[in-house]
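I open a fresh page for this chain. I plan to go from the overall picture to single residues.

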Amino acid sequence: MTDAVLLEKPAVSAAWHDQPILWTRRWTDRLFSFVIERPESFRFRSGEFVMIGLPSEQPGGKPTLRAYSIASPAWADELEFFSIQVPDGPLTSRLGLLDAGDRVLLGKKPTGTLVLDALTGGARLYLIATGTGLAPWLSVLRDPETWERFDEVIVTHTVREAKDLAYRQFLTVDIYDDPLVGDLARDRLLYYPTVTREPFVRTGRITERIDSGALFEDLNITGGFDPSVDRVMLCGSNAMIRDVRARLEKAGLIEGSNAAPAQFVLERAFVG
Ligand code: A2P
């Protein structure tokens, strides 16, 4: 091997798949989704995240990468991602400009704690999100195992303005046409959107609605969170996770992990 070969770095390392975008969808000026082809060898559990990136704009530079929850279920042929677009974000400002046919880097090691394996028993599953933290719920909800494990699934999505309620049509209508889980979800899925910065049918942070009891009243549940029945997954801003976690722990729920499954699990939604 010559020095020239040794020094030559491939533009895309073997650590990454290099996948074409199949389609994109723009929800607002700050929110978009994109879907890539799933490599045949790529396996993951519903709810996991993976690194997504773009090659460096500098010759020989390192790719720019961020962790993204996979919004598709484990059985899907395509991989969907739901992203915020931060104007000066090193990755999202570029990703948001891409279209079908453009390529992105996909990590080879999906991982994460927002998986059914990290939860014990339970009968009712709360999936609590702010912003793009909704993404893993779109995966978990379309996994038939979720419906085998839980009698009832409650998806809460808190955003600043109603227009930020991406996937609302899917969560209220289209999911019931899903060939795998549509029938299972009927009468057992509760979608609970709340909006914090403009009038809406349901306003306020999810923490406020937990504290006032409005969440439980609306759902016809007496007595708040119950460790013997309820399992909870949290995904979204650090502040929301910190505040809801405190309330779950106060109610006696214990945080779980892949190594030690328990009653609730959490993950930040990644931005930038
Ligand atoms: P708010 O508008 O009152 O800040 P962001 O767009 O900043 O990621 O926020 C998404 C949603 O999360 C907003 O509706 C925001 O409410 C809400 N939020 C922010 N911090 C918390 C928190 N500590 N607990 C619950 N919800 C929160």
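How many helices and how many strands are there in the protein chain? I count 9 helices and 11 strands. I note at the start that this is a predicted model.

**Overall dimensions**

I looked up the extent first. Taken along the principal axes, the C-alpha atoms fill a box of roughly 70 × 40 × 35 Å. Then I checked the radius of gyration. A compact globule of 272 residues would have a value near 19 Å, and the protein chain has 19 Å, so the two agree.

Next I took burial and surface. Of the 272 residues, 53% count as buried. The accessible surface of the protein chain comes to about 12,900 Å². Carbon and sulfur atoms hold 50% of that surface.

I also looked at contact range. Among contacts with a separation of 6 or more, 72% join residues 24 or more positions apart.

**The sheet**

In which order do the strands of the open sheet run? I read E9-E8-E7-E10-E11, 5 strands with parallel pairing. Strand E9 (189-195) and strand E11 (264-268) are the edges, and each pairs on one side only. On average, neighbouring strands of this sheet are turned by 10 degrees against each other, direction ignored.

Helix H9 (residues 238-250) packs on this sheet. H9 touches E7, E10 and E11. The direction of H9 makes about 165 degrees with that of E10.

I then went through the bridges. E7 is joined to strand E8 (residues 152-159) by 7 bridges, and the two run parallel. Here Leu125 stands opposite Val153 in E8. Another 6 bridges join E7 to strand E10 (residues 230-236), again parallel. There I find Arg124 opposite Asp230 in E10. Further out, 7 bridges link E8 to E9, also parallel. Val155 has Tyr191 in E9 as its bridge partner.

**Strand E7**

Why is strand E7 largely enclosed by the rest of the structure? I checked residues 124-130: 7 of the 7 are buried, so the strand is largely enclosed. I then split the strand by face. On one side Arg124, Tyr126, Ile128 and Thr130 are buried. On the other side Leu125, Leu127 and Ala129 are buried. Both faces of E7 are thus covered.

**The nonpolar cores**

Which residues touch the most other members of the largest nonpolar core? I list Leu125, Leu127, Leu134, Trp137, Leu141 and Met233, in a core of 40 residues. Several elements each supply at least two residues of this core, including strand E5 (78-84), helix H3 (135-140) and helix H5 (168-172). E7, E8, E9 and E10 also supply at least two each. H3 gives the most, with 4 residues.

I followed Leu125 outward, leaving out residues up to four places away in sequence. Leu125 touches Leu116, Leu119, Val140, Thr146 and Phe150, among others. From E8 and its start, the contacts of Leu125 include Glu152, Val153 and Ile154. Arg231, Val232 and Met233 are also among the contacts of Leu125.

A second, separate core has 20 residues. Among them are Ile154, Phe216, Ile221 and Val232.

**Three single residues**

Glu152 came next, in strand E8. Is Glu152 buried or partly exposed? Its relative accessible area is 24%, so I log Glu152 as partly exposed. Beyond four places in sequence, Glu152 touches Ala123, Arg124, Leu125, Arg188 and Leu190. I also took one distance. Glu152 and Leu180 are 28 residues apart in sequence and 17 Å apart in space, C-alpha to C-alpha.

Ser69 lies in strand E4 (residues 64-69). Ser69 has 9% relative accessibility, so I count it as buried, the cut-off being under 20%. Which residues is Ser69 in contact with, leaving aside neighbours within four places in sequence? I find Glu48, Phe49, Glu80, Phe81, Ala135 and Pro136.

Thr207 sits in helix H7 (residues 206-212). At 9% relative accessibility, Thr207 is logged as buried. Not counting residues up to four places away in sequence, Thr207 touches Asp243, Val244 and Arg247.

Terms used
Residues are numbered from 1 along each chain as its sequence is written. This is a predicted model: local features need pLDDT of at least 70, side-chain atom pairs count only at pLDDT 80 or more; totals for chains, interfaces and linings use all residues. Side-chain values use heavy atoms; hydrogens and water are left out. Buried means under 20% relative accessible area, exposed over 50%, partly exposed in between (1.4 Å probe, protein chains only). Two strands pair if DSSP finds at least two bridges between them. Axes are lines fitted to C-alpha atoms, for helices over the stretch in contact, and angles run from 0 to 180 degrees between N-to-C directions. Contact means heavy atoms within 4.5 Å. The radius of gyration is taken over C-alpha atoms; the globule rule is 2.2 Å times the number of residues to the power 0.38. Accessible areas come from the Shrake-Rupley method with a 1.4 Å probe; for residues, only the protein chains shown count as cover. A nonpolar core is a set of buried Ala, Val, Leu, Ile, Met, Phe, Trp, Tyr and Cys residues joined through side-chain atoms within 4.5 Å.
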